[in-house]
Amino acid sequence: MLTRLRAAAHSINASYWFFPALFAILALLLASLTIQLDRSGWADWLGEIVWLHPARPDGASNMLTVIAGSMIGVASTVFSITIAAVAYASGTYGPRLLTNFMEDRGNQLSLATFIGTFVYSLTVLRTVRTSEEQNLLSTAGGIGDMSGFVPQLSLLVAYGLMALSIAVLVYFLNHIPASIRINTVLQEIGERLIHDIGTIFPDPADGGVEMKAPQGTPVNSQDTGYIQVIDFEGLDALARGHDAVMKLAVRTGDFIHRDLPLVYWAGDKPPKDIDGEVRDCFALGGMRTPNQDLHFLIDELVEIGLRALSPGINDPFTAVTSVHWLGAATAQLGQRKLVRSFGEARNPNEDCLVLLNDDFAHYIQRGFGGLRSAMAASPIAAIVGFDAMAKAATTLEDASRRADLANEVDQLMRQARECLTGPDLEQVEASYQELKAKRN
């Protein structure tokens with residue numbers, strides 16, 4: 001249950017309805033509070049401020065009408081611009097980047113500010129009364145002896161919200177074109193990838209990763225979709241509670257369907273009622289998300305690089321930026337212990353929850369290996385690829401991981417010899433031989 005709530009929270013985080021709805025409710029509550037303060041006489045001190053001229057009913061109505069009308073118009077325009085920017089970005093850089101733009105707090109809060117100001121102004125507007133309106137209401141048996149009412153404090157707050165909305169509009173008009181710049185997009189993906197690497201793998205490297213296929217009694221899935229969230233702590237608690245070892249058969253981001261194993265229960269057969277508890281620790285959905293999934297972020301960098309190097313776009317310098325961020329992420333991975341432990345066991349062999357781990361070579365193949373064929377056909381990208389992997393190797397102390405990077409450099413050169421000819425090949429070959437000489 002908690003796992004599904006976490007998945008729902010991440011879904012809400014990438015939505016355009018949550019903050020506008022929240023701000024609308026807060027604006028309604030704020031309007032009710034300020035109106036009550038006006039009616040109770042608490043705001044009468046505003047009349048003592050010389051430079052603050054009190055509004056009359058007609059002026060108050062006109063001002064609130066203009067603010068409400070303009071805010072809903074601006075909100076519609078902002079939403080249209082946002083959707084156009086999102087469509088452009090996902091079409092140009094790849095559909096996987098749609099999640100990044102949907103999660104953009106600047107876009108969400110800008111739209112929410114305009115919606116909140118609209119709701120506030122409209123709520124206050126319905127309380128403004130002229131003396132003539134009050135006479136009609138009194139004749140109809142409405143509000144009794146109440147005279148014309150102009151909520152001065154509420155108007156002042158509405159004016160402040162209007163000024164805030166103008167500032168937000170100026171920010172939004174600058175934020176949208178800045179957010180779809182390719183360098184900004186790559187920077188956000190790269191920084192998030194490096195941050196997540198440090199969070200998921202906090203310990204320094206202390207050896208290789210033991211790659212073993214999990215074995216035992218399988219607990220199979222009953223649903224179909226991408227694994228969006230795994231409650232590792234919950235699985236670890238289940239295994240410890242039954243004094244058993246549980247081995248994961250999937251990673252976050254894997255696609256799974258009915259009757260495929262989620263985990264393997266090592267040792268004795270699992271209790272009959274444990275299957276449902278295990279399945280509750282997995283949240284599935286119709287798409288991958290960057291939450292808990294390093295591969296998703298690596299794939300985004302690779303996809304942007306592949307699109308940039310495609311014949312239809314032919315933008316090697318965008319691919320170069322992708323390669324730079326992949327190099328930085330690869331260096332971070334190479335410096336980390338790529339095995340996660342849960343619980344209090346000091347020896348990894350004593351862990352009750354064993355994850356499906358990936359070694360350093362796997363991450364190199366996922367990143368630079370995914371870009372290899374496209375980089376090999378571009379002299380600019382190939383040379384930068386050599387440089388990025390060489391720099392990443394200089395930060396590593398593990399000789400086997402440096403050898404993995406050297407092997408990828410050799411693979412890239414082999415591919416370049418198949419794709420390039422003439423001076424382009426000679427240029428790439430010279431860069432490779434220079435790098436090889438330094439390596440030796």
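## Contacts of E300

Contact here means heavy atoms within 4.5 Å. The structure is a predicted model, and the contacts described below are read from that prediction.

E300 lies in helix α11, which spans residues 294-309. Apart from neighbours within four places in sequence, E300 is in contact with R96, L97, N100 and I189. The relative accessible area of E300 is 1%, so the residue counts as buried, the limit being under 20%.

## Two domains and their interface

The domain assignment of the protein chain gives two domains, each made of two segments of sequence. Domain 1 covers 1-133 and 149-180, while domain 2 covers 294-339 and 358-439. Between the C-alpha centres of domain 1 and domain 2 there are 47 Å.

The interface involves eight residues on the side of domain 1 and five on the side of domain 2. Together the two domains bury about 640 Å² between them, and carbon and sulfur atoms account for 52% of that area. On the side of domain 1, the most area is lost by Y93, R96 and L97, which together make up 60% of what that side buries. Two of these names, R96 and L97, also appear among the contacts of E300.

What is the count of salt bridges across the interface of domain 1 and domain 2? The rule finds zero there. The count of residue pairs in polar contact between domain 1 and domain 2, with both residues at pLDDT 80 or more, is zero as well. Helix α3, residues 57-93, gives the most to the side of domain 1 that touches domain 2, namely three residues. By residue class, that side of domain 1 divides into three nonpolar, four polar and one charged.

## Salt bridges

Side chains of opposite charge can pair when their charged atoms come close. In this model the count comes to 13 salt bridges. Three of the pairs are described here, among them one within a helix.

E434 and K438 form a salt bridge in which the closest N and O atoms are 3.8 Å apart. Both residues lie in helix α16 (residues 422-439), four residues apart, or about one turn of the helix. E434 is partly exposed, at a relative accessible area of 48%, whereas K438 has 65% relative accessibility and counts as exposed. Elsewhere, salt bridges that share partners join R288, D293, D299 and R366 into one network.

Within that network, the side chains of D293 and R288 meet at 3.3 Å, N to O. Are these two residues buried or exposed? D293 is buried, with 2% relative accessibility, and R288 is buried too, with a relative accessible area of 17%. Both values fall under 20%, so both residues meet the limit for buried.

A further salt bridge pairs R251 with D254, whose closest N and O atoms are 4.0 Å apart. R251 is partly exposed at a relative accessible area of 25%, and D254 is partly exposed at 23%.

## S110 in helix α5

S110 is placed in helix α5, residues 105-125. With 1% relative accessibility, S110 counts as buried. The side chain of S110 reaches the backbone oxygen of G106 at 2.7 Å.

Which residues does S110 touch, not counting those up to four places away in sequence? They are V168, Y171 and F172. S110 and these three residues fall within the bounds given for domain 1.

## G286 in a loop

G286 sits in the loop between β6 (282-285) and α11. The helix that follows this loop, α11, is the one that holds E300. The relative accessibility of G286 is 76%, so G286 counts as exposed, the limit being over 50%.

Leaving aside neighbours within four places in sequence, G286 is in contact with Y226 and Q228. G286 and Q228 are 58 residues apart along the chain, and their C-alpha atoms are separated by 9.0 Å.

Technical notes:
Residues numbered from 1 in each chain as written. Predicted model: local features only at pLDDT ≥ 70, side-chain atom pairs only at ≥ 80, totals over all residues. Heavy atoms only, no water. Domains from an automatic or database assignment. Buried area = accessible area lost by both parts, 1.4 Å probe. Polar contact = N/O pair within 3.5 Å; in protein donor to acceptor, adjacent residues only side chain to side chain. Helix = DSSP H or I, 4+ residues; strand = E, 2+ residues; numbered from the N terminus. Nonpolar A, V, L, I, M, F, W, Y, C, P; charged D, E, K, R; others polar. Buried < 20%, exposed > 50% of the residue type's maximum accessible area, 1.4 Å probe, protein only.
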